[in-house]
Amino acid sequence: MCGMTYKITRLLIARIVTVKSINKEASTGTGIEETWQAFYFGKSLHNLETSANEPTAKWTVPLSDGNHVVEFEHGTATGRRIVKIDGNNIVHRDWMFRLVGDEVFMFNNIKFIIRVDPMPGLKYSYSLWVNGKSYKQFVQSQSKILEAWLAKVENEEYRIVLDKHAHSVWVNGQEVEVENEFMDGGAEILFSVGDLPAAIRSYSSEQKEIGIAYVLYINDIEIQQEALVEES
């Protein structure tokens with residue numbers, strides 16, 4: 001057995017012993033000192049798990065209002081589960097005896113599921129599902145309906161996202177008012193970025209695999225598109 005597996009095994013055994021000790025002593029009303037010793041031992045396991053700087057799993061999810069970072073912390077010794085989105089706690093559970101199974105939560109009216117599945121050697125796999133789609137499938141579907149640009153205007157950075165299905169425009173996570181106009185060979189969506197006029201112009205690319213092309217102009221200067229999600 002490798003060193004990491006041996007360490008995890010010891011932590012799991014210690015976790016079971018700690019929980020049983022606390023439950024036994026609390027139910028009999030005796031051994032208060034032993035109960036507190038078990039409690040502080042369990043707390044030390046919790047502190048050991050929280051000492052790591054990196055989350056157990058991490059995903060970047062593209063939505064209309066921008067990219068959101070989903071982080072999952074899974075304490076296999078204490079059963080602790082923490083879900084963070086953009087650094088904010090969404091879920092926090094301690095001392096869960098069952099280490100596998102789904103963690104379900106909502107964000108921006110979207111259903112998220114983090115699935116924890118067992119693997120050989122006391123290991124676990126983690127997968128994210130968004131609105132019933134796997135993470136990969138969801139990103140692929142979002143790339144078909146969202147267009148994104150990153151622009152710097154007067155020393156300020158702006159991320160502009162076009163939702164082609166909803167015909168809405170988002171600037172730095174906020175939906176902005178737009179005007180739709182037709183022009184020769186296509187259409188344009190007019191709005192503002194900072195104090196400057198902006199327009200997203202659409203036209204046929206005359207390429208079947210691309211379809212309609214979208215180009216952003218800020219103050220009549222073309223802005224290059226950016227990848228919806230950076231390649232990891």
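This is a short tour of a predicted model, stop by stop, with something to select at each one.

**Before you click**

Number residues from 1 along each chain as its sequence is written, and keep to heavy atoms for side-chain values, with hydrogens and water left out. Since this is a predicted model, local features need pLDDT of at least 70 and side-chain atom pairs count only at pLDDT 80 or more, while totals for chains, interfaces and linings use all residues.

**The whole chain**

Start with a cartoon view. You should find 3 helices and 17 strands; both are DSSP runs numbered from the N terminus, helices being H or I with at least four residues and strands being E with at least two. Switch on a surface and the chain exposes about 14,500 Å², of which carbon and sulfur atoms supply 51% (Shrake-Rupley areas with a 1.4 Å probe; for residues, only the protein chains shown count as cover). Of the 232 residues, 39% count as buried, where buried means under 20% relative accessible area, exposed means over 50%, and partly exposed is in between (1.4 Å probe, protein chains only).

**The largest nonpolar core**

Select V70, F105, F112 and I114. These have the most contacts inside the largest nonpolar core, a set of 20 residues. A nonpolar core here is a set of buried Ala, Val, Leu, Ile, Met, Phe, Trp, Tyr and Cys residues joined through side-chain atoms within 4.5 Å. Now colour β1 (57-63), β2 (66-74), β3 (81-85), β5 (101-107), β6 (110-119) and β7 (123-130): each supplies at least two residues of this core. Apart from it lies another core, with 17 residues, including Y158, I189, I200 and I223.

Go back to V70 and show its neighbours. Leaving out residues up to four places away in sequence, V70 touches A57, K58, W59, V61, V83, K84, I85, F105, F112 and I114; a contact means heavy atoms within 4.5 Å.

**A buried charge on β2**

Next, pick E71, which lies in strand β2. Which side chain of opposite charge is nearest to E71? That is K58, 4.4 Å away, and E71 is buried yet has no salt bridge. For the charge labels, Lys and Arg count as positive and Asp and Glu as negative, with His and the chain ends not counted. A salt bridge needs a side-chain nitrogen of Lys or Arg within 4 Å of a carboxyl oxygen of Asp or Glu. Among the residues that E71 touches are P55, I82 and V83, again not counting those up to four places away in sequence.

**The four-stranded sheet**

Select β5 through β8. They make an open sheet of 4 strands in the order β5-β6-β7-β8, with antiparallel pairing; two strands pair if DSSP finds at least two bridges between them. β5 and β8 (133-134) stand at the edges with a single partner strand each, so one side of each has no neighbour in the sheet.

Walk across it:

- β5 to β6: 7 bridges, antiparallel. V104 has I113 in β6 as its bridge partner. The two strands form a hairpin with 2 residues between them, and N108 in the turn has a positive phi of about 55°.
- β6 to β7: 8 bridges, antiparallel. V116 has Y126 in β7 as its bridge partner. In this hairpin 3 residues sit between the strands, and G121 in the turn has a positive phi of about 80°.
- β7 to β8: 2 bridges, antiparallel. Look for W129 opposite S134 in β8.

**Salt bridges to finish**

The count comes to 9 salt bridges. Try these three pairs:

- R80 and E73 meet at 3.2 Å, N to O. R80 is buried at 2% relative accessibility, whereas E73 is partly exposed at 22%. Add K84 to the selection: E73, R80 and K84 are linked in a network of salt bridges.
- R115 and D102 have their closest N and O atoms 3.7 Å apart. This pair joins strand β6 to strand β5, with the two positions 13 residues apart in sequence numbering. R115 is partly exposed at 28%, and D102 is partly exposed at 43%.
- K164 and E147 come to 2.9 Å between their closest N and O atoms. K164 is in the loop between β10 (156-163) and β11 (168-171), E147 is in strand β9 (residues 146-153), and they are 17 residues apart. Both K164 and E147 are buried.
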